[in-house]
Amino acid sequence: MSMQPKTIAVNWEKIQLLSKSLASQLAPSGPWQAVVGVARGGLIPATIVARELGVLMVDTVCVSTHNDEGARQSTKFLKILPGNGEGCLVIDDLVDTGATFALLRPYLPRATFASLFAKPEGIKSTDFCVEKIDQDVWIRFPWEE
């Protein structure tokens, strides 16, 4: 008998609250030169964090770790930033296994990595997170509806 993963639906209000909480955690480590959202899930949290911190420079990195059906595939860059990440916050919605941040760190070694949610397998790859969740939890974000 296999257990179904637990699904949690997160609404826009929760995203706003978590993003503001993340900004509060990050503020003392600033000032920040740029906030970088990991496309696509990190774009909305990155925008909210940038606004809360008063950071005007917002950019993206694009990493593909899933195919359209949600199954794992090889991780690859679709867009990466120049430089070493000095003064940059890299934001994603969720750290699952840590593969995305692990892939980005060698290219942006001076950046700070943060997420709204982190699972046990990925927690070591993030510098800051707001909410820890179990590995078997599947989060449905409002932009996925």
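## Helix α3 and A102

A102 sits in helix α3, which covers residues 99–104. In this predicted model, A102 is partly exposed, with a relative accessible area of 47%. That value puts A102 in the middle class, because buried means under 20% and exposed means over 50%.

A102 can also be placed relative to K124. The two residues are 22 positions apart in sequence. Their C-alpha atoms lie 9.5 Å apart in space.

## The chain as a whole

The chain has 145 residues, and 43% of them count as buried. Its secondary structure consists of 3 helices and 8 strands. Read from the N terminus, the order is β-α-β-α-β-β-β-α-β-β-β.

Contacts across long stretches of sequence are well represented. Among contacts with a separation of 6 or more, 57% join residues 24 or more positions apart. The accessible surface of the chain is about 8,200 Å². Carbon and sulfur atoms contribute 53% of that surface.

## Helix α1: two sides

Helix α1 spans residues 12–26, a run of 15 residues. From its first C-alpha to its last, α1 reaches 21 Å. That is close to the 21 Å expected at 1.5 Å a residue. At the N-terminal end, N11 acts as the cap. A side-chain oxygen of N11 lies 3.2 Å from the backbone nitrogen of E13.

The buried residues of α1 are I15, L18, S19, L22, A23 and L26. Viewed down the helix axis, these buried residues fall within an arc of 145°, so they line one face of α1. On the other side, E13, L17 and S24 are exposed. The buried residues pack against four elements: α2, β5, β6 and β7. Here α2 covers residues 43–53, β5 covers 88–95, and β7 covers 128–132.

## S19, on the buried face of α1

S19 belongs to helix α1. S19 is buried, with a relative accessible area of 0%. Beyond its neighbours within four places in sequence, S19 is in contact with P45, I48, V49 and L116.

Three of these partners, P45, I48 and V49, are listed among the buried residues of α2. A46 and A50 of α2 are buried too. T47 gives another reference point for S19. S19 and T47 are 28 residues apart along the chain, and their C-alpha atoms are separated by 8.9 Å.

## Strand β5 and its partners

Strand β5 is largely enclosed by the rest of the structure, because 8 of its 8 residues are buried. Strand β2, residues 34–39, runs parallel to β5 and is joined to it by 4 bridges. One of the pairings is between A34 and C88, with C88 in β5.

Strand β5 also pairs with β6. The sense is again parallel, and the pairing extends over 6 bridges. In this pairing, D92 stands opposite S115 of β6.

## T112, in strand β6

T112 lies in β6, which covers residues 112–118. T112 is buried, with a relative accessible area of 15%. That value is under the 20% limit, so T112 falls in the buried class.

Leaving out neighbours within four places in sequence, T112 is in contact with L26, W32, C88, L89, V90, D127 and F128. Several of these belong to elements already described. L26 is one of the buried residues of α1. C88 is the bridge partner of A34.

## Backbone exceptions

Most residues other than glycine have a negative phi, and most peptide bonds are trans. Two peptide bonds here are cis. The bond from G30 to P31 is cis, with omega near 10°. P31 is placed in the loop between α1 and β2.

The bond from A39 to R40 is also cis, with omega near 5°. R40 is found in the loop between β2 and α2. A further backbone feature comes just after α2, where G54 takes a positive phi of about 70°.

Technical notes: Residues are numbered from 1 along each chain as its sequence is written. This is a predicted model: local features need pLDDT of at least 70, side-chain atom pairs count only at pLDDT 80 or more; totals for chains, interfaces and linings use all residues. Side-chain values use heavy atoms; hydrogens and water are left out. Helices (H or I, at least four residues) and strands (E, at least two) are DSSP runs, numbered from the N terminus. Buried means under 20% relative accessible area, exposed over 50%, partly exposed in between (1.4 Å probe, protein chains only). Contact means heavy atoms within 4.5 Å. Accessible areas come from the Shrake-Rupley method with a 1.4 Å probe; for residues, only the protein chains shown count as cover. The expected span of a helix is 1.5 Å times one less than its number of residues. The arc is that of the directions from the helix axis to the C-beta atoms. A polar contact is a pair of N or O atoms within 3.5 Å; within protein, one must be able to donate a hydrogen and the other to accept it, and residues adjacent in sequence count only if both atoms are side-chain atoms. Two strands pair if DSSP finds at least two bridges between them.
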